[in-house]
Structures are given as structure tokens and as C-alpha cells.
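Got the viewer open? Let's walk through this one stop at a time, selecting as we go.

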Amino acid sequence: MARAVLALGESLVEEATCPLCLGLFQEPLITDCGHSYCGPCLAALMGVPPRPVACPQCRAAVAPASLRPNRSLRSMAQLTEALDKARRAQCQRHGELLGLFCETCRCLLCPLCRGEPQHRDHPARFAEEAARQLRETLQNNLVLLQKEKEEFRPMGQKKSESLLEKVASEQQSLRGAFMQLQEFLQEQEDVLLAQLHEVHEELNQERCRYISSISERETLLDTLIAEIESKCDQPVAEFLTNVGKILDRCEAVKTPIPEPVSPGLERTLERLFQSTQMLVAVMAEFKVKVWLDPETASPYLNLSEDCKTVWLASGEQELHDNPKRFTGSPSVLGSKGFMAGRHYWELEVGHGDSWAVGVALESVQRKDVLSRALGKIWALRLDWNRQYTALHMPPTPLELNQELRKIRIHLDYEGGQVTFYNAENMMQILQFKATFTEKVFPYFWLSSQETYIQLCA
């Protein structure tokens, strides 16, 4: 369509062109023979004073008095000139028509642009000529591209779809494997705890028997020693009376006392210890390395260079504020968040109070006071009055008769559990139930200069 319009414009220019000056008609006049010329061109041809001449196209006689203005052709020439100017862009810098094309820079030039240093040594052609050649080039490219499009049969999409299906299958397999692993660990825990309980009872029984045997032997020894000492001082007849019974009892005393733990029970214990150690080694793979995230740390907190320890600053520090940073409470998050799986980390707290450790959602409120963020925090806190509290909504006091120094925090994302242990004896302290739908981060809060929180390696 564009080419047809362009061809029509070129035809219009040809019709509005004077055959004498080859420019657009200026005040065109028509002869009796039907040919038109510019008024100035005919005036120059007839001379002064005007005299009859032969028509340049058909050689018919043309008398000056026979010439008539061709108003329709003049209107068409004016319209053609306006269209031609609109079709030919003008240079914004010089106001001249952009009639040249720089082949090196591939841009339109006006005559003044052509003389500038950046184009002076470049080959240039008339814009119309360049346009014709480039149209042919583009037309050839168009044919090639259309052919390539017809033959274009990319296989990458099928490969991507195949890989996506494989990833989805792997995800499903991984979920199934982890579910089986969780079931296996639960079964192992139940079996090992039951076996350890049974062995514990047997050990208690054998210990009681052993203590009873020792007590009996001590009593027998005391009795025999007293009897022998008394017997040795008796006269012969009295001495020999019942001396055989004393000798028999002396032989009985020489009988070895049973072992405190039977060999069979020791073998059972060794086997159980190996099983528990193996299980602990497997569980150790779920331990994660946690660092404190400086970008989230409150201006009232100091972090060590290795981002493992946090303590309360002496005052507010000048830190760059960002959406991650806590400014409403002296809090900081761990650098790594979790969206799946089971994980645990350990930490130590100082001898002071006013600390809290646990987990928080990524969307936890960071620019407001702690009390307004409790709905997205699950933590264990030691208050200023040495009272331990389950820090969630609502906070709940805990009855703990132990002082915590080393704490292990377990996160079971799919199971929706956050569990706290005293890492020194592995006694469970607290467990939260939750449903997680976003990333969960380790959370730390500190409001006393008398203590610190340090992450364990």
C-alpha cells in the first residue's frame, strides 16, 4: 500500500513538471495544441517583444495571443509542491530539504550538512536514488525473511517444556522422599526411645541386684570376721564344734560377686548407642549456619565483624534506613530465610536478661514497637524480672526452673513447628504450632546492655 502511494506521488510530480525547465509549473499557460508550459519559460522562448514560435513538443505554431492560463494545472502544481515538501523532510538545523543520503552514517543530509566535517569524506547519493536501491535491498530481505519464517520450526520450546515437566516431577519426588524421611525418622525415634527405656529399666534392676549383693557380702564379711576372731580364742573342744560351717561360709565368701552390668546388656547398650549416634549424625545435616543480617539490624544494636554476635549499643547509631531495617524495636534477623524443610541452629546468651530468640515472618512489622509485631513472631524471651515468656500473641509466662545459656531452635516449616531446647541437656523448653505461608527468618531481640546473643558455629 505504501509503495502504491509513493508511486502515485511520483506520477503526480511528473504530471506537474514543466517540459522546458523540468521544474514544477509556475503560472502555467496552455497552447492551442493542448500543451502546457511555465509562463516564464514561454516568455523567454518568445522573446521581447513576443513573437510566434513552434511548440517544443509538437512543432505546431504558437501565437502569443493564443495562450491561456491553465488554472487547473497551476492548482495541481501548487498541491504537488506542498505534497513534495511534506514528503521531503527538512533539516531541523539548517531548514533545507534533506535531499542527500550518507551511505556511511545511513542518515539523511541537507546540502549544508554534507559539507560538515563528520560527513565530508563519506560517500553520499541523492535521497531518491538511495531510497530506490534500499527499497530493492529491503524487498530482497523481505523475500528471504518470509521464506525463513515459513521454514522456521524451533525446537527450543519443546525442550523447555520437557525440562519443566522434569522439574515438576523432581519436585514431586523430592516432596515424597522428604515425607518418607520424616516418617522414617519418626519411626526411628519411637523405636530407639522404646529400646532405651527398656534398657534403662533393665539397668536399674541389675543395679539394684548388684547393690543388694554388695550389701549382703559386706554383712557376711563383718559377721565372719567377728565369728572367726571369737572362735580362735575358744578351747579345743569348743573351737572344733561347728568350725566346718564357718569354713564353708568362708568358701562362700570367695565366690565372685556378679558384674554390675551383664555382658548381654552391655552389648545391647553398645548397639543402641551406635544407632543413636548414627541418627544424630544424620540429623546434623539439617543444621544450618546462621549469620546476623546488618541490613535489618536496629540502630540501637551493635554487630560483631563476623555477624555472629549482637549486643546493645550505648545509643542510637547513624545507619542508612531501608525497608528491611528494624527501627521500632532493637531487633535483627538472620541473613538466611527458609521456605521449606527442617532446620536448626544454636546460640548462646549472656548472664543478663531482656533478650528474645526465635523466628519471624519476612513481612514482620519493622518500623513499629515490638508489641505490634507479635502476631508474626514466635520466640522465647527472658524478661527484666527473670521471667521466661513464650513470645507470640498473646505472650504466655513459662514455668522454667533452669537458667538457659545455650539454646537450640528447631524449625519444621511443613510441620508448622518451632521448638526450643536447652542445648546443654537437650531438654525441650517450648514448642509453637503455626502455619507458614511465606519465608521464615531467625529472629533476635535485645534490650539490655548486661547481656549478648552469640550464634554458635
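In which loop is the place of S354? Select S354 and you land in the loop between β12 (342-349) and β13 (355-361). Bear in mind that this is a predicted model. The residue has a positive phi of about 60° although it is not a glycine. That is worth a look, because most residues other than glycine have a negative phi. S354 is also buried, with a relative accessible area of 11%.

**The seven-stranded sheet**

Now follow β12 into its sheet. Color the strands in the order β9-β10-β21-β12-β17-β18-β19 and you have an open, antiparallel sheet of seven. At the edges stand β9 (301-303) and β19 (427-433); each has a single partner strand, so one side of each is left without a neighbour in the sheet. From one strand to the next, the twist averages 25°.

Start at the β19 edge. Select residues 417-422, which make up β18, and you'll see six bridges pairing this strand with β19 in the antiparallel sense. Pick F420 and look across: L430 in β19 stands opposite.

Then jump to the other edge. Here β9 pairs antiparallel with β10 (residues 309-312) over three bridges. L303 has V310 in β10 as its bridge partner. Keep V310 selected, since I453 in β21 is a bridge partner of V310 too. That takes you on to β21 (residues 453-455), which runs antiparallel to β10 and is joined to it by two bridges.

Back up to the turn. The β9-β10 hairpin has five residues between its strands, and C307 in that turn has a positive phi of about 55°. C307 is not a glycine either, and with a relative accessible area of 16% it is buried.

**Just before β9**

Select S298, in the loop between α10 (263-283) and β9. How buried is S298? Its relative accessible area is 0%. Show its surroundings and you'll find that S298 touches L319, F326, S329, P330 and S331, leaving aside residues up to four places away in sequence.

Stay in that loop and pick E295, then K324. Their side chains meet in a salt bridge (3.5 Å, N to O). E295 lies in the loop between α10 and β9 and K324 in the loop between β10 and β11 (331-333), so the pair ties together parts that are 29 residues apart in sequence. E295 is partly exposed at 43% relative accessibility, and K324 is partly exposed as well, at 42%.

**The three-stranded sheet**

Next, go to the open antiparallel sheet with the order β7-β6-β8. The edge strands are β7 (107-109) and β8 (124-126); each has a single partner, so one side of each is left without a neighbour in the sheet. The twist averages 35° from one strand to the next. Three bridges join β6 (residues 100-102) to β7, and C102 has C107 in β7 as its bridge partner. Now add helix α6 (residues 127-151): the helix packs on this sheet, touching β6, β7 and β8, and its direction makes about 95° with that of β8.

Zoom in on E103 and R125, whose side chains form a salt bridge (2.4 Å, N to O). E103 sits in the loop between β6 and β7 and R125 in strand β8, 22 residues apart. E103 counts as partly exposed, at 31% relative accessibility. Add E129 to the selection: salt bridges that share partners join E103, R125 and E129 into one network.

**The long-range pair at the start**

Across the whole structure there are 14 salt bridges. One of them is E27 with R74 (3.6 Å, N to O). This pair links the loop between α1 (2-15) and β1 (28-30), home of E27, to helix α3 (residues 71-87), home of R74, and the two are 47 residues apart.

**Cis prolines**

Two peptide bonds deserve a stop, because most peptide bonds are trans. V48 and P49 are joined by a cis bond, with omega about -5°; P49 is in the loop between α2 (39-46) and β3 (53-54). M393 to P394 is cis too, with omega near 0°, and P394 is in the loop between β15 (388-391) and β16 (396-397).

**Last stop: α7**

Finish with residues 156-231, helix α7. Its 76 residues should span 112 Å at 1.5 Å a residue, and the end C-alpha atoms are 108 Å apart, which agrees. To see the buried residues of α7, select L185, L192, V199, E206, R217, L224 and K231.

Notes
Residues are numbered from 1 along each chain as its sequence is written. This is a predicted model: local features need pLDDT of at least 70, side-chain atom pairs count only at pLDDT 80 or more; totals for chains, interfaces and linings use all residues. Side-chain values use heavy atoms; hydrogens and water are left out. Two strands pair if DSSP finds at least two bridges between them. Helices (H or I, at least four residues) and strands (E, at least two) are DSSP runs, numbered from the N terminus. Axes are lines fitted to C-alpha atoms, for helices over the stretch in contact, and angles run from 0 to 180 degrees between N-to-C directions. Contact means heavy atoms within 4.5 Å. Buried means under 20% relative accessible area, exposed over 50%, partly exposed in between (1.4 Å probe, protein chains only). The expected span of a helix is 1.5 Å times one less than its number of residues. A salt bridge is a side-chain nitrogen of Lys or Arg within 4 Å of a carboxyl oxygen of Asp or Glu.
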